[in-house]
Each structure stands twice: as structure tokens, then as C-alpha cells.
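Grab a pencil and keep the viewer open. Below are some exercises, each with a solution worked out step by step.

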Amino acid sequence: MKALSHETIAGAGKVIAVHINYPSRAAQRGRTPEQPSYFLKPSSSLSFSGGTVERPAGCELLAFEGEVALIIGTAARRVTIEEAWSHVAFVTASNDLGVYDLRYADKGSNLRSKGGDGFTPIGPGLIPAQEVNPAALRIRTWVNGEAVQEDSTGTLLFPFARLIADLSQLLTLEAGDVILTGTPAGASVATPGDLVEVEVDVPGTGVSSGRLSTTVTEGDIPLGDFGAQPRTDGTQRAEAYGTDEAPRTSVLTPQLKAKLASVATATLSSQLRKRGLNNVSIDGLQSTRPDHKVVGLARTLRYVPNREDLFKAHGGGFNAQKRAIDSLKDGEILVMEARGEKGTGTVGDILALRAQVKGAAAIITDGGVRDITAVAGLELTTYYANAHPAVLGRRHIPWDVDLTVSCGGATVQPGDIIVADADGILVIPPALAEEVADDSISQEHEETYIAQMVAAGNSVDGLYPMNKEWKSKYRDWSITNPAPSYSAAGRP
């Protein structure tokens, strides 16, 4: 493997980037192009591994996109697909960085949003193109050491040779030109301080570009008022983050999580009823781990009834189901709206295992589960309506993620807190969670005292609920038997 040199970067007359080229990214964007399309990046945007990239002052959405970069070795003009690959000298890793805050400014050319200095790091090593199969490469991206992108060039909508042949019909690809070949799903936003790494390799062979590393910094010089200013909206945030939601935040601190885990869902339910919430239980499901208590943050996935023409566009590849599972974070719970449809599976052993590896606390579906023996053998708890052998395409299309859904008769929003045990599954609005937890602890403390008094032979009359006399006795008892409290770390 040859190291990327200053001469290689200096020899790049053009940097050409492909818009959408991986089925996983097409599914994420909700559109699959019939033909490849391109945009230009300035050669001045090229930079080396180990450097920094500045998020411009006033901007929010600096997005990374791990990509395979091709470096042209000999000029190509009107070449055939069969001839095209022979014109490539090297393959390496690249990061097609861009600021979505300025995406509107150049009406599709991406000049300012993607053309900034350092916005195209490449390298660090050059893999000789003629020594590898262009359909057998792997692209991976990490942010702060966490894997966020992985795909194979064997899945490309438009293979490398087709891109080269297509471009060469109208322009000459010259030695040193760089072609960025598209990014898979998982591209998202990087913030100042983040370390983004990209690698291209041939799995199982040791052939690799090495990890291309770039650290994001914060710019401190505002954009001049004589040019376009940063501008964001819900659409740009969704496309930059690769999801319908901006970064997930939650009130579910370790302390609150410990409080909720310490009380029964029956107690929580009674406290929610006191606050007028009578329809916050997900009903009719069974659990693979009924002995487990689960507390976590809701993520959501919605299935719609299968329609064959729509399943072709939304059911295959890196569809909404796979995106939802692959984006799960530690302690999150995936809640699936399956309309109570029991005639097919909504998740099986492989995807349930993937959710477990991602650190998910549970999967909840009001539909069927395939491979139930294997799913039940996982540490991950799965709540489901029934077992069924059929794949989801029999009745469902995985449609969208992170939106309000209905599951088991309850409305669930992303960011809701889910608490589940042998008694049932509850959906707790985040704004009420702290007071509901505290009052539930107090309620169970009182009930512990009442149970002791009943065990000692006292009648429940006046004790359950406690009258004035019993409340006075309870207060005296509480002095030496206080209710548990929890530290910020979640420890009692």
C-alpha cells in the first residue's frame, strides 16, 4: 500500500461526487435514482488524514459521509464500462463533509455547503486499484470510536466502472482526478470535538486504506453579512442526521432510572391514574423474559399494511426496520406499531441479536415474532403478541421511524419512558416521570408498613387506606425506617 502524498492531492484537477449510490442510503432518503447524478467539489477541499475540519461559526449541521474514493490513473474519454476500471490507479477512504446550514444557498451545486477548505479528507493509504475487486470493498465509519456506517461495494446501485464510463461520455477524466462514489446509510452530524474515522478495506485479506481521521473544530469567525447566512429547518436537520429526529435527549438520568426500576408498574399505574392518565399501558403482549424489569427510552417504528408495489421501494435493502434497529443506543427500547397484526413476524433472531449488540433494553411489538426460540434465548427482552413463522413482507411494509405510533392500544412517542415488568408495560410522559417515581416510592413505603401491620394481625379497616390514627403511627415508624433515596449515579 502506498501512502497518500502531497503530489497526489496537488494532481487532483477535479473532485467529482456521486449523490446517491447505496441502496441503504436510497432507502434512508426515500428515493432511488434511475441514473447516477453528480456534483463538483473544489480540489482545495482535499485534505490529509490526522487533520481538522472547521464547522463554520454560526452553523449547526456539519455532516460526515464515509465514502470510497477513486483516483484516476490515466485519462478516460468515451470509455466503455468494460474499459473503465483500467483507468483507475488507486482506491482510498474519503469523507464527503458538508454544512447543511448552507445547502439552500447554491441551489443544488453544493459549492459552499460541501466545498469548504478541508471538507474532503482522503487517505491515508492508497490501495492499488488493479489489485482488488471493485465489488468486494468494504466502507466503514466511526465517530469517537463508535461504528456508525458499514456497507459493501457489492450492493452499489451504480458500480464504479459505470460511473467512470458515464462521466467520460461528456468530460475527460484526467490523471489525479478524484471520484467520491457515494455514502451508505448512517451518515450523520458531527460536532466540535468529535473524531470521525473512515476506512476502506477488503475483508479477510488485510488490504486496507488505514483509518482516515478528522477532528471537528468550531469556527470563530462569523460569515460576512454580504453572503448567504446559515439557515436550518426540520427538513435539513432530518436529512443531515439521517433520521426524522434531531439528537435524542432524555430526562431519564441514572437516578430516575433507578427510582423507576425500584417500584412496580402497578404502583406507577396508580400514580399515573391520579394524574388523569388512564390509557398508558401497552396491553395484550407476552414477554420472553417475564422475570426481567425493563426501564428505557422509547424509539419507534411503524409498519403499514403490505402493498406489493410499495414493498418493492420500501421493503428491501436498508429499510426502516433495519435503520431503526441499527440506530438503537444503549438502554433504548424499540416500540413497533404493527396494528395488532398477528399473521406475520415483525422481528426475528438476527435483528433481535443486532438490537442486543447495540445495547437496547427491549423490543416491544404488538405483532408477531419469528424464530421465537432463538429470540427468547437472548438477554434482550422482547414483548410480542404471538409467535409466527412468516416474514414481515406477508402483511407489513416497514415505513418510518421515530414518530408517534400506536402499540397495544397505547400512544407512544420517541423519548417517552417505558417501564415494564411481569404486571405490564407502561408509557410514562417524560415531564411527569420524576414526580411519578417519587410518589410511587412513597406509596410503596406506606404499603410496606401496611403489610407489616396486617401481618401482625391488624384489621385493614382504617389501615388500608390509613386513617388519621394510622397515619400518625406510620410517621413515627418512618423515622427509623425511612424510604429509600437514590444518588445521581442511580445508587440507593
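How do the residues of the lining of the second largest pocket divide into nonpolar, polar and charged? Keep in mind that you are working on a predicted model.

**Exercise 1. Describe the second largest pocket.**

Solution.
- Step 1, the split asked for above: the lining has 6 nonpolar, 7 polar and 8 charged residues.
- Step 2, the count and the centre: 21 residues line this pocket, and H19, R29, R31, R103 and N110 are the ones nearest its centre.
- Step 3, the space: the second largest pocket holds about 370 Å³.
- Step 4, the elements: α2 (23–29), β9 (98–99) and α4 (111–114) each contribute at least two residues to the lining.

**Exercise 2. Stay with helix α4 and place S113. Is S113 buried or exposed?**

Solution.
- Step 1: find S113 in helix α4.
- Step 2: take its relative accessible area, which is 3%. The cut-off for buried is under 20%, so S113 is buried.
- Step 3: look for its partners, skipping neighbours within four places in sequence. S113 then contacts L97, G98, V99, L102, R103 and F119.
- Step 4: tie this back to Exercise 1. R103, a contact of S113, is also among the lining residues nearest the pocket centre.

**Exercise 3. Follow β9 into its sheet. What is the strand order?**

Solution.
- Step 1: the order is β9-β6-β15, in an open sheet of 3 strands with antiparallel pairing.
- Step 2: β9 and β15 (189–190) are the edge strands, each pairing on one side only.
- Step 3: zoom in on the pair made by β6 (residues 62–63) and β15. These strands run antiparallel and are joined by 2 bridges.
- Step 4: for a landmark in that pair, put A63 opposite V189 of β15.

**Exercise 4. Take apart the largest nonpolar core. Which element gives the most to this core?**

Solution.
- Step 1: the largest nonpolar core has 32 residues, and V68, L70 and V91 have the most contacts inside it.
- Step 2: β2 (15–18), β7 (66–72), β8 (88–95), α5 (160–168) and β16 (195–202) each put in at least two residues.
- Step 3: the top contributor is α5, with 6 residues.
- Step 4: pick L70 and list what it touches, not counting residues up to four places away in sequence. The list is W85, V88, F90, V91, F160, I164, D177, V178, I179 and T181.
- Step 5: don't stop at one core. Apart from this one lies another of 22 residues, including A324, L334, I363 and V375.

**Exercise 5. Work out the surroundings of strand β25. Which residues point one way and which the other?**

Solution.
- Step 1: in β25 (residues 381–384), T381 and Y383 point one way, while T382 and Y384 point the other way.
- Step 2: check burial on both faces. All four of these residues are buried.
- Step 3: look at the pairing with β20 (residues 286–287). It's antiparallel, over 2 bridges, and S287 stands opposite Y383.
- Step 4: now the pairing with β23 (residues 362–365). Here the strands run parallel and 3 bridges join them, with I364 opposite Y383.

**Exercise 6. Compare burial at G424 and S485. Which class does each fall into?**

Solution.
- Step 1: locate them. G424 sits in strand β31 (residues 424–428), and S485 lies in the segment after α14 (468–480).
- Step 2: you need the cut-offs here, namely buried under 20%, exposed over 50% and partly exposed in between.
- Step 3: G424 has 22% relative accessibility, so it's partly exposed. S485 comes out at 55%, so S485 is exposed.
- Step 4: check contacts and distances. Beyond its neighbours within four places in sequence, G424 contacts T265 and V419. The C-alpha atoms of G424 and I9 are 61 Å apart, with their positions 415 residues apart along the chain.
- Step 5: for S485, try D438. The two are 47 residues apart in sequence and 9.2 Å apart in space, C-alpha to C-alpha.

**Exercise 7. Zoom out to the whole chain. How many helices and strands does the protein chain have?**

Solution.
- Step 1: there are 14 helices and 31 strands.
- Step 2: 50% of the 492 residues count as buried.
- Step 3: along the principal axes, the C-alpha atoms fill a box of roughly 95 × 55 × 40 Å.
- Step 4: among contacts with a separation of 6 or more, 78% come from residues 24 or more positions apart.

Notes
Residues are numbered from 1 along each chain as its sequence is written. This is a predicted model: local features need pLDDT of at least 70, side-chain atom pairs count only at pLDDT 80 or more; totals for chains, interfaces and linings use all residues. Side-chain values use heavy atoms; hydrogens and water are left out. A nonpolar core is a set of buried Ala, Val, Leu, Ile, Met, Phe, Trp, Tyr and Cys residues joined through side-chain atoms within 4.5 Å. Buried means under 20% relative accessible area, exposed over 50%, partly exposed in between (1.4 Å probe, protein chains only). Helices (H or I, at least four residues) and strands (E, at least two) are DSSP runs, numbered from the N terminus. Contact means heavy atoms within 4.5 Å. Two strands pair if DSSP finds at least two bridges between them. On a 1 Å grid over the protein atoms alone, a cavity is a set of points where a 1.4 Å probe fits but cannot get out, and a pocket is an open set with protein on both sides within 12 Å along at least five of seven lines; lining residues have an atom within 4 Å of a point. Grid points are joined across faces, edges and corners, and a volume is the space filled by probe spheres set on the points. Ala, Val, Leu, Ile, Met, Phe, Trp, Tyr, Cys and Pro count as nonpolar, Asp, Glu, Lys and Arg as charged, and the others, Gly among them, as polar.
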